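Subject: Handing over a structure

Hello,

Here is the structure I promised to pass on. Please open it first, then read my notes beside it.

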Amino acid sequence: MNNLKAYLIPFIGLKIGKHQFDYQVDNTFFAHFDYDEFNDASVKVSVVLEKKSTLLELDIQHKGTVNVPCDVSGEEFDLAIKGKLKLVVKFGDAFNDENEELLILPHGEFQVNVAQYIYESIVLSVPLRRIHPGVKDGSLTEVIEKLEALAPKENKESVQKNDIDPRWENLKKLLTDK
């Protein structure tokens, strides 16, 4: 975690007002969190810290691409992502990060670590179902043809609506004989 020192923001010497911190996130950042679902990542993160007299407001925004495999075809592609996260930092008796929008730091603390919040913001901005754009627009014809060839075929002989079991016909007659 020593390489994450860049994500420690010392706020004790900052003047009241807004301060911006920019980061470029790649796979080495995600390696610190043992997260390996991205083949490659290039995300620009902007953290705006607004220092007020009794609290801090963090506005974390990110935009970039992550290289992930398609859930349908298995082909790798660059997925564009963007997102933002707002966080309020207050001061109290003990550290508390149970609320996702509120962080409580102990009195006397002089820096805040934003690495975990950047990580969560980026990972949560990736959709659950990742589909290659070529599958959506049909430009990955070779992959689509292979998927169609491997798809299970319906047996038309066994699924005919006219073939009704004669036992059901007898049961239907009971309903109409009343």
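What follows is a walk through the findings, from the overall fold to single residues.

This is a predicted model.

**Overall layout**

The protein has five helices and seven strands. From the N terminus on, the elements run β-β-α-β-β-β-β-β-α-α-α-α. There are 178 residues in the protein, and buried ones make up 30% of them.

**The largest pocket**

How big is the largest pocket, by volume? Its volume is about 470 Å³. The lining of the largest pocket counts 26 residues. D97, N113, Q116, Y117 and E120 lie nearest the centre of the pocket.

Several elements share in this lining. β5 (76-92), β6 (102-106), β7 (111-113) and α2 (115-124) each supply at least two residues. Which of them gives the most? That is α2, with six residues. By type, the lining of the largest pocket divides into 12 nonpolar, eight polar and six charged residues.

**Helix α2**

α2 deserves a second look. Seven of its 10 residues are buried, so α2 is largely enclosed by the rest of the structure. The buried ones are A115, Y117, I118, Y119, S121, I122 and V123. Y117 thus turns up twice: it is on the list of buried residues of α2, and it is among the residues nearest the centre of the largest pocket.

**Salt bridges**

Some background first. Side chains of opposite charge can pair when their charged atoms come close. How many salt bridges does the structure hold? It holds four. Three of the pairs are described here, one by one.

Start with E57 and K52. Their side chains meet in a salt bridge, at 3.1 Å from N to O. E57 counts as partly exposed because its relative accessibility is 30%. K52 is also partly exposed, with a relative accessible area of 33%.

Next come D59 and K86. Their side chains meet at 3.7 Å, N to O. D59 lies in strand β4 (residues 56-69) and K86 in strand β5, so the pair ties together parts that are 27 residues apart in sequence. Are the two partners buried or exposed? D59 counts as buried, at 19% relative accessibility. The cut-off for buried is under 20%. K86 is exposed, with a relative accessible area of 58%.

Then look at D71 and R130. They form a salt bridge, and the closest N and O atoms are 4.0 Å apart. D71 lies in the loop between β4 and β5, and R130 in the loop between α2 and α3 (133-137), so this pair ties together parts that are 59 residues apart in sequence. D71 counts as partly exposed, at 40% relative accessibility. R130 is buried, with a relative accessible area of 12%.

The D71 and R130 pair does not stand alone. E37, D71 and R130 are linked in a network of salt bridges.

**A nonpolar surface patch**

Now turn to the surface. Which residues make the nonpolar patch there? I164, W168, L171 and L174 make it, and the patch covers about 440 Å². L171 lies in helix α5 (residues 166-176). L171 counts as partly exposed, at 44% relative accessibility.

**Two single residues**

D34 has a positive phi of about 55°, although D34 is not a glycine. Where is D34 placed? Look in the loop between α1 (27-31) and β3 (40-51). D34 is exposed, with a relative accessible area of 72%.

N3 is the other one to find. Its place is in the segment before β1 (8-10). At 59% relative accessibility, N3 counts as exposed. N3 and T28 are 25 residues apart in sequence, and their C-alpha atoms are 9.3 Å apart in space.

**Where to start**

Try the largest pocket, and look for D97, N113, Q116, Y117 and E120 around its centre. Then follow α2, which gives the most residues to that lining. After that, find the network of E37, D71 and R130. Finish at the surface patch of I164, W168, L171 and L174.

Best wishes

Note on methods
Residues are numbered from 1 along each chain as its sequence is written. This is a predicted model: local features need pLDDT of at least 70, side-chain atom pairs count only at pLDDT 80 or more; totals for chains, interfaces and linings use all residues. Side-chain values use heavy atoms; hydrogens and water are left out. Patches are made of residues with over 30% relative accessible area and no salt bridge: like charges are joined within 9 Å, nonpolar side chains (Val, Leu, Ile, Met, Phe, Trp, Tyr) within 5 Å. Accessible areas come from the Shrake-Rupley method with a 1.4 Å probe; for residues, only the protein chains shown count as cover. Helices (H or I, at least four residues) and strands (E, at least two) are DSSP runs, numbered from the N terminus. Buried means under 20% relative accessible area, exposed over 50%, partly exposed in between (1.4 Å probe, protein chains only). On a 1 Å grid over the protein atoms alone, a cavity is a set of points where a 1.4 Å probe fits but cannot get out, and a pocket is an open set with protein on both sides within 12 Å along at least five of seven lines; lining residues have an atom within 4 Å of a point. Grid points are joined across faces, edges and corners, and a volume is the space filled by probe spheres set on the points. Ala, Val, Leu, Ile, Met, Phe, Trp, Tyr, Cys and Pro count as nonpolar, Asp, Glu, Lys and Arg as charged, and the others, Gly among them, as polar.
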